[in-house]
Amino acid sequence: FKKIQRKKGSKIEDFYEFGHEIGRLTTITSGAFSVVRHGTHKESGEEVAIKAISKQHVSEADMNRFTREIEIMKKLKHKNIIQLIEVFDSQDYLFLVLELVRGGELFDKIVDRGQYSERDACNLVRQIVSAVQYMHQHGVCHRDLKPENLLCSADDEAEQFVRIADFGLSKIFEGGEELKTACGTPDYVAPEILECKPYDTSVDMWSIGVITYILLCGFAPFYADTHHELFQKILDLEYDFPEPEWSGITDNAKHFISQLLVINPTERWSASQCMKHPWLAENKEDKQLKS
Ligand code: ADP
Ligand code: MG
């Protein structure tokens, strides 16, 4: 993308053609919501994704925080993070122009495939950890890592990749208290967040532990019929590696997961530590891997 210089007060409609809706409509707290649509840059024909975030009911303080976070995001460049190209502001909406990813959500791929071979899972997880390491080094926490926010390359693309979307944005509107009651699933949420304790970037590492688990066996480590029971299982670290689904999976993979599903955030492995874990470090060329 060539850098597009945006003058203050310029309208997104002057630069981009809006297309069909891509993302589902998500309700964030306090009535704020966002919609993602396909877009085309009028001059270059470049295709993009445009995320429109309603500013209704968003306080000025939240908006300022949001704007600061966006400035950081614009500076981040990593092949496994969706690039924020530019931002437009109107009275009612904030528009984020994003690099378009064509293969859809990892969520849908998991649903289709059931589970991933160890080699494929390892490949995906390494990309995710590498991107998260980069973000954390820049002081940014994702807070909402889950397969819906991991976007994949299309099957026919030369290089298979996963890119992280939705970085540090929607959660800015949410206080810790509200997260508890948010309609979203707590499946991927670190215990310290559920307990409304202060938290840091290690919450992302918990989520990566859950995602890795799901990729390898096709179901979640913590499961219950009600949110209340689910909270309790997470807080008690009540999970295991049941047979037969886990019988063909290496101890390295299980060890990796168990360094992330750790209640104490200071003992949970960081992204940098994970990159050195044998499961990620030594298995680049599908050696030793059962797949
Ligand atoms: P929300 O806050 O609504 O979760 P996201 O940024 O996660 O917003 O976007 C919602 C959905 O829109 C994603 O899960 C994905 O399906 C789609 N989407 C978002 N950004 C892109 C993109 N850059 N390219 C393709 N699809 C995208
Ligand atoms: Mg999302």
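Two residues are taken to be in contact if their C-beta atoms, placed from the backbone, lie within 7 Å. The exercises below apply to a predicted model.

**Exercise 1.** Find which residues I128 is in contact with, leaving aside its neighbours within four places in sequence, and place I128 in the largest nonpolar core.

*Solution.* Begin with the contacts: once the neighbours within four places in sequence are set aside, I128 touches N80, L150, V162, I164 and I208 by this criterion. Next, turn to the largest nonpolar core, which has 60 residues, and in which I128 belongs with V125, V129, I208 and L215 to the residues that have the most contacts inside it. The largest share of this core, 10 residues, is supplied by helix α6, which spans residues 202-217. As a general point, nonpolar side chains in soluble globular proteins tend to be buried together.

**Exercise 2.** Describe the protein as a whole by its secondary structure, its buried share and the sequence separation of its contacts.

*Solution.* Counting the elements first gives 10 helices and 8 strands. The second step concerns burial, and here 33% of the 291 residues count as buried. Finally, among the contacts with a separation of 6 or more, 66% are made by residues that stand 24 or more positions apart.

**Exercise 3.** R143 has a positive phi although it is not a glycine, and L237 likewise has a positive phi in a residue other than glycine; determine where each lies, and whether each is buried or partly exposed.

*Solution.* For R143, phi is about 80°, and the residue sits in the loop between α3 (118-137) and β7 (150-152). A residue is buried if 20 or more other C-beta atoms lie within 10 Å of its own; R143 has 22 such atoms and is therefore buried. For L237, phi is near 50°, and its place is in the loop between α7 and α8. Because L237 has 13 C-beta neighbours inside 10 Å, it counts as partly exposed.

**Exercise 4.** Locate P244 and state the form of the peptide bond that leads to it from E243.

*Solution.* P244 is located in the loop that runs between α7 (227-235) and α8 (251-260). The bond from E243 to P244 is cis, its omega being near 0°.

**Exercise 5.** Determine what distance separates the C-alpha atoms of S10 and S90, and describe the setting of S10.

*Solution.* S10 belongs to the segment before β1 (16-21), and it is partly exposed because 13 other C-beta atoms lie within 10 Å. Although S10 and S90 are 80 residues apart along the chain, their C-alpha atoms are separated by 8.9 Å.

Notes
Residues are numbered from 1 along each chain as its sequence is written. Chains are lettered from A and ligands numbered from 1 in the order in which they are written. This is a predicted model: local features need pLDDT of at least 70, side-chain atom pairs count only at pLDDT 80 or more; totals for chains, interfaces and linings use all residues. A nonpolar core is a set of buried Ala, Val, Leu, Ile, Met, Phe, Trp, Tyr and Cys residues joined through C-beta atoms within 7 Å. A residue is buried if 20 or more other C-beta atoms lie within 10 Å of its own, exposed if 12 or fewer, and partly exposed in between; C-beta atoms are placed from the backbone. Helices (H or I, at least four residues) and strands (E, at least two) are DSSP runs, numbered from the N terminus.
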